Amino acid sequence: MGVALLFLGCSAGGFFHMVRQPLGERLCFYEGGAGNAVSVAHGRELLLVDTKMWGYAGQLQRAVEAPPDGTLHQVKRILLTHAHADHAGGVDRFTHAGAVLLHTQALKRLRESGKASAVPYVEVTDAVSLRLDGEEVRIFHPGVAHTDGDLVALLPARGVLVAGDVLCAGLEPSADVTFGGQLRPLRRALERLLEEKFDTVLGGHGPATTRAEVEAKRDYLAALERAAVDARAKGLAGEAAERYALAALKEFAPYEPIPLRASRESNARQMLLELTQEQAP
Ligand SMILES: [Zn+2]
């Protein structure tokens, strides 16, 4: 169960099959086959966002460095959106990369779990901007969200946000408490993302989606928090509090649960728990 939780933790449909999707000039989305990945080419070099895991990492390497058009590329920089294995586990495939950017907390969690690799990690605590062939890529930490070490990448000229698991298209919002994630900060992180201009979101799982899904999930988490606060004010506890909180989410799209990680019920329980923990002495 522990291994299954680690490897399937932040994934659902599409986990076992990778699809390469060019999204305009020099940008490519590798959906499915563990966590999603994204490449941005500049000349013959590439920025790669996330590395997948297992055999999918090798599939990804072949797809990004030797694409069907026959031009050979080399991954120069990697951004790891967070420390979960289905995103960070394939980094050993890319030991030739010059820099592997990740949040300080993500590196700490990789080291704690013995998963850190012999690659040139570069820690980011807040934000960093890259300029690749004249194109700006803004990388920043949106605050505690899916984990306490998430980074996202904004491609302002394209209106594209690469969000990692802070936003997984069509899936229940997910905050992994074992990696420092929390639901109320996740809502604030979504607010933070919405301060930026973008139309397209490439999340950590699921297909490309739009800004509207970020707004909908922000609203979902806000409604859940309000209902959880109300439930407590009414003196409800346990399953009664959970049912009350869940009723507030009926108007929201039926997102797919994430096996062993997040469902509407588990999110209601977690939100109630976060409120309880906040009020504990
Ligand atoms: Zn994850």
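## A hairpin to start from

Strands β8 and β9 make a hairpin, with two residues between them, and D133 in that turn has a positive phi of about 55°. This is a good place to begin a tour of the structure, which is a predicted model. The two strands run antiparallel, and six bridges join β8 to β9, which covers residues 135–140. If you would like one pair to look for, R131 stands opposite E136 in β9.

Are the residues of β8 buried or in the open? Of its six residues, the number buried is zero, so β8 lies largely in the open.

## The sheet around it

The hairpin belongs to an open sheet of six strands, in the order β8-β9-β10-β11-β12-β13, with mixed pairing. Which strands stand at the edges? They are β8 (127–132) and β13 (209–210); each has a single partner strand, so one side of each is left without a neighbour in the sheet. As background, strands of a sheet pair through backbone hydrogen bonds, either parallel or antiparallel.

Further along the order, strand β11 (residues 160–164) runs parallel to β12, and four bridges join the two. Here V162 stands opposite L202 in β12. To get from β11 to β12 the chain passes through α5, and this β-α-β crossover is right-handed.

At the β13 end of the order there is another hairpin: β12 and β13 have five residues between them, and G206 in the turn has a positive phi of about 85°. Strand β12 (residues 200–203) and β13 run antiparallel, joined by two bridges. Look for T200 opposite T210 in β13, and for V201, whose bridge partner in β13 is T209.

## Two domains and where they touch

The domain assignment divides the protein chain into domain 1 (8–211) and domain 2 (221–279). Their centres, taken over C-alpha atoms, are separated by 29 Å. Where they meet, 18 residues of domain 1 are in contact with 17 residues of domain 2.

Which element gives the largest share of the side of domain 1 that touches domain 2? It is helix α5 (residues 183–194), with four residues. By class, that side of domain 1 has eight nonpolar, six polar and four charged residues. Helix α5 therefore appears twice in this tour, as it is also the helix in the crossover from β11 to β12.

## A buried helix and an exposed loop

Helix α4 (residues 104–112) has several buried residues: Q105, A106, L107, R109 and L110. What covers these residues? The cover includes α3 (85–88), β6 (99–103) and β7 (121–124). Just after α4 comes G114, which takes a positive phi of about 70°.

For a contrast, turn to K234, in the loop between α6 (211–233) and α7 (238–247). K234 has 11 other C-beta atoms within 10 Å, so it is exposed, whereas A106 in α4 is buried. From C-alpha to C-alpha, K234 and A106 are 39 Å apart in space, and in sequence they are 128 residues apart.

## Two loop residues with positive phi

A34 is not a glycine, yet it has a positive phi of about 65°. You can find A34 in the loop between β2 (27–31) and β3 (37–42). Is A34 buried or exposed? With 32 other C-beta atoms within 10 Å, A34 is buried.

D50, also a residue other than glycine, has a positive phi near 70°. Its place is the loop between β4 (45–49) and α2 (54–65). D50 counts as buried because it has 30 C-beta neighbours inside 10 Å.

## The chain as a whole

Stepping back, how many helices and strands does the protein chain have? Its secondary structure comes to eight helices and 13 strands. The radius of gyration is 19 Å, close to the 19 Å that the globule rule gives for 281 residues, so the chain is as compact as a globular protein of that length. Along its principal axes, the C-alpha trace spans about 65 × 35 × 35 Å.

Buried residues make up 46% of the 281 residues. Among contacts between residues at least 6 apart in sequence, 60% join residues at least 24 apart.

Methods: Residues are numbered from 1 along each chain as its sequence is written. This is a predicted model: local features need pLDDT of at least 70, side-chain atom pairs count only at pLDDT 80 or more; totals for chains, interfaces and linings use all residues. Two strands pair if DSSP finds at least two bridges between them. A residue is buried if 20 or more other C-beta atoms lie within 10 Å of its own, exposed if 12 or fewer, and partly exposed in between; C-beta atoms are placed from the backbone. Domain bounds come from an automatic or database domain assignment. Two residues are in contact if their C-beta atoms, placed from the backbone, lie within 7 Å. Ala, Val, Leu, Ile, Met, Phe, Trp, Tyr, Cys and Pro count as nonpolar, Asp, Glu, Lys and Arg as charged, and the others, Gly among them, as polar. The radius of gyration is taken over C-alpha atoms; the globule rule is 2.2 Å times the number of residues to the power 0.38. A crossover is right-handed if, with the strands pointing away from the viewer, the path from the first strand over the helix to the second runs clockwise.
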